[in-house]
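Here's a quick briefing to read with the model open. Have the viewer ready and follow along topic by topic.

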Amino acid sequence: MSRPFRFGVNLLHTASGGEWRAKCRRAEELGYDVILVPDHLGMPAPFPALVAAAEATERPRLGTFTLNAGFWNPTLLAREVATTDALTGGRLELGLGTGYVRAEHDSAGLPFGSPGERVDHLRRTVEELGRLLGSDEHRPQAAQRPRVPLLIGGNGDRMLRLSAEHADIAAFTGARTVPGSTTGQLTPITAEELDERVAQWLEFARHREEQPELNLLLQVVIGTEDREAAVQPFLELVPELTVEQVLDLPVSLVGTPDELAEQVLARRKRYGFTYFTVLEPYMEAFAPVMARVRGA
């Protein structure tokens, strides 16, 4: 049996306290299951933002999507995670990634390192968090036992293997960093490339007794009666792809509300995704889709 759908919204924009709480309440009203916060300079600090979100809402889970492990010392991060989980009543889901924006590390005066070094640091962080937060001696204590649910996001083989070993939620970006970019510019991968990535992850995770939840970040949600016209602006960004390939990109939903719902169901059938995250600008546009696919 497939898992039930879950839907999250990644809130990107800073706001006053009142505006932030109102935005979180709106996400709850629309039916989102998870309120998420990224970890980029210039965006809200994740943990205080999630505590404020918990104070404004009752039902949604609260998560980081995703923490840049290179910003964090594992011991100090364990304190943040445990405190936030306690203050939110055990609603936290911890999302971790390697970080991919060199310019942010430069601004913070932190080493960026090679891809391999970043994955090594993330693995150490995951293992140290497991040791610390799994100990009855650690103070403060998280509310959730034996641990806060862990999401790991990535695309490369080593990240997929790490996710398959440790994650409760395996998050697929559906995109890769443009070679040489220091600002984290991403380019989408095709549906066929994502087929291969998910198949590789499944091979790495074949030993798991219970398969983790699979998550996909949707980068674009466009409500339209004319799908081909709607994606014309994107063809300049990916000139190597045809209109049909752009419409088939896993990270994009384009069409009427019924067509958007069909595309979500198709991604579950093709890849196994049951947890979808949308970016804040698409929070309202995606809401009718959730109602259409729940229970399907």
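A residue is called buried when its relative accessible area is under 20%, and exposed when it is over 50%. Bear in mind that this is a predicted model. With that cut-off in hand, helix 11 is a good place to start: Leu260, Ala261, Gln263, Val264, Arg267 and Tyr271 are its buried residues.

**Helix 11**
- Looking down the axis of helix 11, the buried residues sit within an arc of 155 degrees, so they line one face of the helix.
- On the face turned away from that buried side, you'll find the exposed residues Glu262 and Lys269.
- The length checks out too: helix 11 has 15 residues (257–271), which at 1.5 Å a residue should span 21 Å, and its end C-alpha atoms are 21 Å apart.
- Just past the helix, Gly272 takes a positive phi of about 95 degrees.
- Ser252, in strand 12 (residues 252–255), is in contact with Gln263 and Arg267 as well as Val220, leaving aside neighbours within four places in sequence.
- Ser252 has a relative accessible area of 11%, so it counts as buried.

**Nonpolar cores**
- The largest nonpolar core holds 71 residues, and Tyr32, Leu96, Phe172, Phe273 and Phe286 touch the most other members.
- Phe286 touches Phe7, Tyr32, Leu218, Val221, Leu253, Val264 and Val278, if you skip residues up to four places away in sequence.
- Apart from the largest core lies another one, of 12 residues, including Ala230, Leu235, Leu241 and Leu249.
- As background, nonpolar side chains tend to be buried together in soluble globular proteins.
- Leu237 goes the other way: at 65% relative accessibility, this leucine counts as exposed.
- Leu237 lies in the loop between helix 9 (232–235) and helix 10 (243–247), and its C-alpha atom is 9.8 Å from that of Pro188, 49 residues apart along the chain.

**Helices 5 and 6**
- Helix 6 (residues 157–166) has Met159, Leu160, Leu162, Ser163 and Ala164 as its buried residues.
- Those buried residues pack against helix 5, strand 6 (150–154), strand 7 (169–172) and helix 7 (191–204).
- Asp120 and Arg158 meet in a salt bridge, 2.5 Å from N to O.
- Asp120 is in helix 5 and Arg158 in helix 6, so this pair ties together parts that are 38 residues apart in sequence.
- Both ends are partly exposed, with Asp120 at 31% relative accessibility and Arg158 at 41%.
- What about Arg118, also found in helix 5 (residues 115–133)? Arg118 is buried yet has no salt bridge, and the nearest side chain of opposite charge, Glu117, is 6.9 Å away.
- Beyond residues up to four places away in sequence, Arg118 touches Thr98, Gly99, Phe112 and Gly113.

**Long-range salt bridges**
- The model has 24 salt bridges by count.
- One of them joins Lys23 and Glu280, with the closest N and O atoms 3.0 Å apart.
- Lys23 lies in helix 1 (residues 17–30) and Glu280 in the loop between strand 13 (275–279) and helix 12 (283–293), so the pair ties together parts 257 residues apart in sequence.
- Lys23 and Glu280 are both buried.
- Arg294 forms a salt bridge with Asp33, the closest N and O atoms being 3.3 Å apart.
- That pair links the segment after helix 12 with the loop between helix 1 and strand 2 (34–37), 261 residues apart.
- Arg294 is partly exposed at 34% relative accessibility, whereas Asp33, at 17%, is buried.
- Arg6, Arg61, Glu93 and Glu213 are linked in a salt-bridge network.

Terms used:
Residues are numbered from 1 along each chain as its sequence is written. This is a predicted model: local features need pLDDT of at least 70, side-chain atom pairs count only at pLDDT 80 or more; totals for chains, interfaces and linings use all residues. Side-chain values use heavy atoms; hydrogens and water are left out. Helices (H or I, at least four residues) and strands (E, at least two) are DSSP runs, numbered from the N terminus. The expected span of a helix is 1.5 Å times one less than its number of residues. Buried means under 20% relative accessible area, exposed over 50%, partly exposed in between (1.4 Å probe, protein chains only). The arc is that of the directions from the helix axis to the C-beta atoms. A nonpolar core is a set of buried Ala, Val, Leu, Ile, Met, Phe, Trp, Tyr and Cys residues joined through side-chain atoms within 4.5 Å. Contact means heavy atoms within 4.5 Å. Lys and Arg count as positive and Asp and Glu as negative; His and the chain ends are not counted. A salt bridge is a side-chain nitrogen of Lys or Arg within 4 Å of a carboxyl oxygen of Asp or Glu.
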